[in-house]
Amino acid sequence: MELTLTQPDDWHLHLRDGDLLKAVVPHSVSHYGRAIVMPNLKPPITTTAAAVAYRESILKALPASSNFTPLMTLYLTDTTSPDEIKLARKTGVVFAVKLYPAGATTNSQDGVTDLFGKCLHVLEEMVEQNMPLLVHGEVTDPIVDIFDREKVFIDTILQPLIQRLPQLKVVMEHITTMDAVKFVESCKEGFVAATVTPQHLVLNRNALFQGGLRPHNYCLPVLKREIHRQAVVSAVTSGSRNFFLGTDSAPHERGRKECACGCAGIYNAPVALSLYAKVFEEMGALDKLEAFTSFNGPDFYGLPRNTSKIKLTKIPWKVPEAFSFSFGDIIPMFAGNTLEWQPSLI
């Protein structure tokens with residue numbers, strides 16, 4: 001069996017920088033035409049000038065034959081100014097602003113501490129500039145159970161935000177719960193949407209502990225109960241325009257995952273399309289796969305759909321155990337396992 005799809009885009013991708021950028025970028029550009037690139041580097045991409053410079057670094061790292069387009073983002077802080085949003089829009093290369101609650105995930109220590117008290121004027125300017133806000137939707141209060149942080153964020157931050165600024169375009173990224181599904185579906189289409197990762201479609205929280213602690217299945221937001229996984233799968237395969245592909249592929253060198261305090265993040269770039277196809281096939285929804293991978297994202301961002309094509313062939317292929325580089329190994333999601341759908345650009 002073969003499927004021919006409009007080339008997908010990745011609406012949530014970590015490319016890192018330096019040697020790690022050069023190592024991982026080929027895996028994404030071999031499948032995707034564009035990607036929203038996350039700004040949580042060290043130091044974070046907080047200014048337009050930094051975003052432009054980072055974009056140049058990515059372009060220099062691309063394979064010679066690649067037509068991949070990085071879509072840049074700014075890292076929202078307590079001191080971001082409305083003028084920075086205006087400048088970012090004028091460049092034509094910055095497409096969104098990322099909200100990391102301070103301490104929520106990797107390299108988020110410089111994130112927002114008080115969204116309404118310190119960032120409201122910036123959010124108002126984003127409405128004026130039609131600049132989407134990309135949300136890591138978890139509270140960081142240590143009193144809140146880690147498995148409840150998404151729901152509490154919706155109730156205490158996101159719902160009030162949408163009520164206060166109904167014209168603000170918001171992407172709730174890497175949703176993991178039925179609560180997030182219900183929230184997105186309750187909002188006005190075209191203003192609130194969600195990205196969904198392959199790991200949150202195929203794994204539940206048992207995958208963290210099967211046969212021992214599994215650091216390469218650890219990500220944030222953390223994997224949830226099976227009932228939540230099923231809810232997210234149902235939403236994604238329903239044909240709703242409110243959900244689209246965002247891998248949250250997050251590479252770390254092996255030693256930073258397999259240690260006493262391992263990093264959050266799953267490197268899924270080599271396998272994501274195969275896993276999305278698996279999920280849609282199992283739900284009898286392969287006819288809805290192309291909209292999820294290739295149409296809903298650009299439509300939400302107001303960008304043209306890609307004109308190039310990608311082929312998915314149903315043929316077994318084995319995921320490498322590791323990708324080895326001079327700085328160390330990167331372990332991909334489902335390392336050593338056999339998958340059924342193999343993508344290739346046409």
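# A guided tour of the predicted model

Counting as a disulfide any pair of cysteine sulfur atoms within 2.5 Å, the tally here is zero disulfides. This is a predicted model, in which local features need pLDDT of at least 70, side-chain atom pairs count only at pLDDT 80 or more, and totals for chains, interfaces and linings use all residues. Residues are numbered from 1 along each chain as its sequence is written, and side-chain values use heavy atoms, with hydrogens and water left out.

**Two cysteines**

Select Cys119 to begin. With a relative accessibility of 0%, Cys119 counts as buried (buried is under 20% relative accessible area, exposed over 50%, partly exposed in between, using a 1.4 Å probe and protein chains only). Now pick Cys187, which is buried too, at 13%.

**Helix α1**

Next, select residues 18-29, helix α1. Helices (H or I, at least four residues) and strands (E, at least two) are DSSP runs numbered from the N terminus. If you like a quick geometry check, put a distance between the end C-alpha atoms of α1: they are 17 Å apart, which agrees with the 16 Å that twelve residues should span at 1.5 Å a residue. The expected span is 1.5 Å times one less than the number of residues.

Colour the buried residues of α1: Leu20, Leu21, Ala23, Val24, Val25, His27, Ser28 and Val29. What do the buried residues of α1 pack against? Show β2 (10-13), α2 (48-61), β11 (323-325), β12 (328-330) and β13 (338-345), and you have their partners.

Zoom in on Ser28, which lies in helix α1. Ser28 counts as buried because its relative accessibility is 1%. Leaving aside neighbours within four places in sequence, Ser28 is in contact with Leu13, Leu15 and Ala269; contact means heavy atoms within 4.5 Å.

Then step back to Arg16, in the loop between β2 and α1. Arg16 is not a glycine, yet its phi is positive, near 60°. Arg16 is buried, at a relative accessible area of 10%.

**Two cis prolines and a loop asparagine**

Select Lys42 and Pro43, which are joined by a cis peptide bond with omega of about -5°. Pro43 sits in the loop between β3 (34-37) and α2. Moving past α2, pick Asn67 in the loop between α2 and β4 (69-75). Is Asn67 buried or exposed? At 71% relative accessibility, Asn67 counts as exposed. Add Tyr32 to the selection: it is 35 residues from Asn67 along the chain, while their C-alpha atoms are separated by 9.5 Å.

For another cis peptide bond, go to Leu220 and Pro221, where omega is about 0°. Pro221 belongs to the loop between α8 (199-202) and α9 (226-236).

**The cavities**

Keep Leu220 on screen, as it helps to find the largest cavity: Leu220 is one of the residues nearest the centre, along with His14, Thr105, Asp248 and Ala250. On a 1 Å grid over the protein atoms alone, a cavity is a set of points where a 1.4 Å probe fits but cannot get out, a pocket is an open set with protein on both sides within 12 Å along at least five of seven lines, and lining residues have an atom within 4 Å of a point. Grid points are joined across faces, edges and corners, and a volume is the space filled by probe spheres set on the points.

How many cavities of 30 Å³ or more are there? The count is three. The largest cavity has a volume of about 120 Å³ and a lining of 18 residues. By class, that lining has six nonpolar, nine polar and three charged residues (Ala, Val, Leu, Ile, Met, Phe, Trp, Tyr, Cys and Pro count as nonpolar, Asp, Glu, Lys and Arg as charged, and the others, Gly among them, as polar).

The second largest cavity holds about 60 Å³. Its lining includes His216, Ala250, His252, Lys257 and Tyr267, and the lining residues divide into seven nonpolar, three polar and one charged.

**The largest pocket**

Select Arg214, His216, Asn217, Phe334 and Ala335, the lining residues nearest the centre of the largest pocket. The space in this pocket is about 370 Å³, and its 17 lining residues comprise nine nonpolar, four polar and four charged.

Stay on Phe334, in the loop between β12 and β13. Phe334 has a positive phi of about 60° although it is not a glycine, and it is partly exposed at 22%.

**Last stop: helix α11**

Finally, select residues 272-282, helix α11, where eight of the eleven residues are buried. Among them are Leu273, Leu275, Tyr276 and Phe280. Just after α11 comes Gly284, with a positive phi near 65°.
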